Amino acid sequence: MKTPAMRLWTQNIQHWWRARQNAKSGNGVLRVGELLENKSLTSVFQPMVDLRTGTIVGHEALIRMSRTVGDMTYEQLLHAAKEQHCQRQFEMACVELAIEHWLVERPKGQLFVNFSAYTLVQLHESESIDTLLELLRKHKLQPKRMGLDITGYTRLPSISTLVEAVKPLREAGMAIALDDFKVSDSGMRVWTKLLPNIVKMAPRWTHKVDTESENSAMVASMVRLTQNHDCLLLAKSVETESELRTLRGLGVDLAQGFFLGSPAPDPISALNLRARGVLTAVTF
């Protein structure tokens, strides 16, 4: 005879199996549309910290798959959505999911969401770019509290189309960020034409910035570039005290990473003690 605990365990296993099977087609390929219908995606939030003051200025929303279904990354899900011709639907659903979860706690600062340059251009060319602003109006979120982390911008055939796509969003007050920026001819062309509010450096320059002279020299040059272009520089994937201290000393404006705060289901309102100790330390 099964005990209540055994019955609960059995029910959980059955629920996991049904959810996993429902999200797959007959040939075992993950169906993104089923994930959206079954609400099998969730969002977590990672703080973005002002290195001059130690305050949390916002959070980046990161999309995760429910553990009952699988463990694909957002990039893998995006690729699957593209293959299944539902990339636009997938990205818009992820933005709405992040907004809904964000508004539960109503934290201070801005919410940044990932959005591909490809889909922005598609919305613009179909005269549907306002659907992003309509989404904000639906949830009563002011555009000035929202930011787009634009990805895949160097793969576009025309930068001018992307500039036109973000124009109404910027005019409404939305912040524009270039995600995972790498110093290259194509990257710099996008930067100088799009004129983002924030440039997020690729994590490779953050790692070992405290010990690798090439990395620190690159970050220093990026600091000068952002100052010349009147935008903020953000370092991603800050994982150690020494990295944080070095980035602050080089003049980087913002940062995010495990040392400052891991992605969590709820946004946080105060910086952890270890990071606060680094940023409030008086240097001579």
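1. The barrel. In this predicted model, eight strands close into a barrel, and their order around it is β1-β2-β3-β4-β5-β6-β7-β8, with mixed pairing. Strands of a sheet pair through backbone hydrogen bonds, and they may do so in either a parallel or an antiparallel manner. For β3 and β4, the latter spanning residues 146–151, the arrangement is parallel, and six bridges join the two strands. Within this part of the barrel, leucine 111 stands opposite methionine 146 of β4.

2. Overall composition. The protein contains eleven helices along with its eight strands. Of its 284 residues, 46% are buried, and the area that the protein exposes comes to about 14800 Å², of which carbon and sulfur atoms supply 52%. When contacts with a separation of 6 or more are considered, 65% of them are between residues that lie 24 or more positions apart.

3. The largest pocket, extent and centre. This pocket has a volume of about 1200 Å³, and its lining is made up of 41 residues, with Tyr74, Glu75, Thr151, Asp179 and Asp180 lying nearest the centre. The elements that contribute two or more residues to this lining are the strands β2 (56–65), β3 (110–116) and β5 (175–181), together with the helices α3 (74–83), α5 (117–125) and α8 (185–194).

4. The largest pocket, chemical character. Which classes of residue make up the lining of the largest pocket? Sorted by class, the lining holds 15 polar, 14 nonpolar and twelve charged residues. A colleague preparing to look at the centre of this pocket may wish to start from the residues that lie nearest to it, among them Glu75, Asp179 and Asp180.

5. The second largest pocket, extent and lining. Here the volume is about 220 Å³, and the lining consists of Leu35, Leu36, Lys39, Ser40, Leu41, Ala93, Cys94, Glu96, Leu97 and Glu100. Both α2 (32–37) and α4 (87–105) supply at least two of these lining residues, although α4 is the element that gives the most, with five.

6. The second largest pocket, chemical character. How many residues of each class does the lining of the second largest pocket contain? Six of them are nonpolar, three are charged and one is polar. The residues of this lining include Lys39, Glu96 and Glu100, as well as Ser40.

Methods
Residues numbered from 1 in each chain as written. Predicted model: local features only at pLDDT ≥ 70, side-chain atom pairs only at ≥ 80, totals over all residues. Heavy atoms only, no water. 1 Å grid on protein atoms, 1.4 Å probe; cavity = no way out; pocket = protein on both sides within 12 Å on 5 of 7 lines; lining within 4 Å. Points joined across faces, edges and corners; volume = space filled by probe spheres on them. Helix = DSSP H or I, 4+ residues; strand = E, 2+ residues; numbered from the N terminus. Nonpolar A, V, L, I, M, F, W, Y, C, P; charged D, E, K, R; others polar. Pairing = 2+ DSSP bridges. Buried < 20%, exposed > 50% of the residue type's maximum accessible area, 1.4 Å probe, protein only. Contact = heavy atoms within 4.5 Å. Areas by Shrake-Rupley, 256 points an atom, 1.4 Å probe, with all protein chains shown as cover.
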